[in-house]
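Work through the exercises below with the sequence and the structure in view. Try each task before reading its solution.

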Amino acid sequence: MTIISWIILGLLAGAIAKFLLPGRDPGGLIGTTLIGIAGAFIGGWISARWMDHPITKDFYDGATWAAAIGGSLVLLIAYRLLFGNSRD
């Protein structure tokens, strides 16, 4: 997969993570989108590095999507824990 496909995957993974974890985010839509992109990269890296599942070149691989969404969820939860009360 190219860098553009990882960015697209991150945008979609961020939207899915936001759907699975609703509520107010300190960064709004842009912050959630950036977290999704970073989560896709981190999830893919963790999957390839420590879970012995190399990243495939197929955009529609279920494990790649699961790693991207999982990474996005972890980053979104951490972001809310660190900066959750900044918009009050």
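**Exercise 1.** What percentage of the chain over residues 27-47 is helix, and how far apart are the end C-alpha atoms?

Solution.
- The model is a predicted one.
- Over residues 27-47, helix makes up 95% of the chain and strand 0%.
- The C-alpha atoms at the two ends lie 27 Å apart.
- An unreviewed UniProt entry lists residues 27-47 as "transmembrane region", along with residues 59-82.

**Exercise 2.** State how many helices and strands the protein has, and give their order.

Solution.
- The protein has three helices and zero strands.
- Read from the N terminus, the elements run α-α-α.
- Helix H1 covers 3-20 and helix H2 covers 28-49, while helix H3 covers 62-83.
- Among contacts between residues at least 6 apart in sequence, 80% join residues at least 24 apart.

**Exercise 3.** Decide whether Ala 17 and Ile 7 are buried, partly exposed or exposed.

Solution.
- Buried means under 20% relative accessible area, and exposed means over 50%, with partly exposed in between.
- Ala 17 sits in helix H1.
- Its relative accessible area is 1%, so Ala 17 is buried.
- Ile 7 also belongs to helix H1.
- Ile 7 has 32% relative accessibility and therefore counts as partly exposed.
- For the protein as a whole, 34% of the 88 residues count as buried.

**Exercise 4.** Find the residues that Ala 17 touches, leaving aside neighbours within four places in sequence.

Solution.
- Ala 17 is in contact with Ser 72, Leu 73 and Leu 76.
- From Ala 17 to Thr 33 there are 16 residues in sequence and 9.8 Å in space, C-alpha to C-alpha.

**Exercise 5.** Which residues form the largest nonpolar core?

Solution.
- This core has seven residues: Trp 6, Leu 9, Ala 13, Ala 40, Trp 65, Ala 68 and Ile 69.
- H1 and H3 each supply at least two residues of this core.
- Take Ala 40: beyond four places in sequence, Ala 40 touches Trp 6, Leu 9, Gly 10, Ala 68 and Ser 72.

**Exercise 6.** Describe the nonpolar surface patch and name the helix that gives the most to the patch.

Solution.
- The patch measures about 1,200 Å², and its residues include Ile 3, Ile 7, Leu 11, Phe 41, Trp 45 and Met 51.
- H1 and H2 each provide at least two of the patch residues.
- H1 gives the most, with six residues.
- The accessible surface of the protein is about 5,600 Å², and 72% of that surface belongs to carbon and sulfur atoms.

Key. Residues numbered from 1 in each chain as written. Predicted model: local features only at pLDDT ≥ 70, side-chain atom pairs only at ≥ 80, totals over all residues. Heavy atoms only, no water. UniProt positions renumbered as here; feature names shortened; annotations may be inferred. Helix = DSSP H or I, 4+ residues; strand = E, 2+ residues; numbered from the N terminus. Patch = residues over 30% accessible without salt bridge, like charges linked within 9 Å, V, L, I, M, F, W, Y side chains within 5 Å. Areas by Shrake-Rupley, 256 points an atom, 1.4 Å probe, with all protein chains shown as cover. Salt bridge = Lys/Arg side-chain N within 4 Å of Asp/Glu carboxyl O. Buried < 20%, exposed > 50% of the residue type's maximum accessible area, 1.4 Å probe, protein only. Core = buried A, V, L, I, M, F, W, Y, C linked by side-chain atoms within 4.5 Å. Contact = heavy atoms within 4.5 Å.
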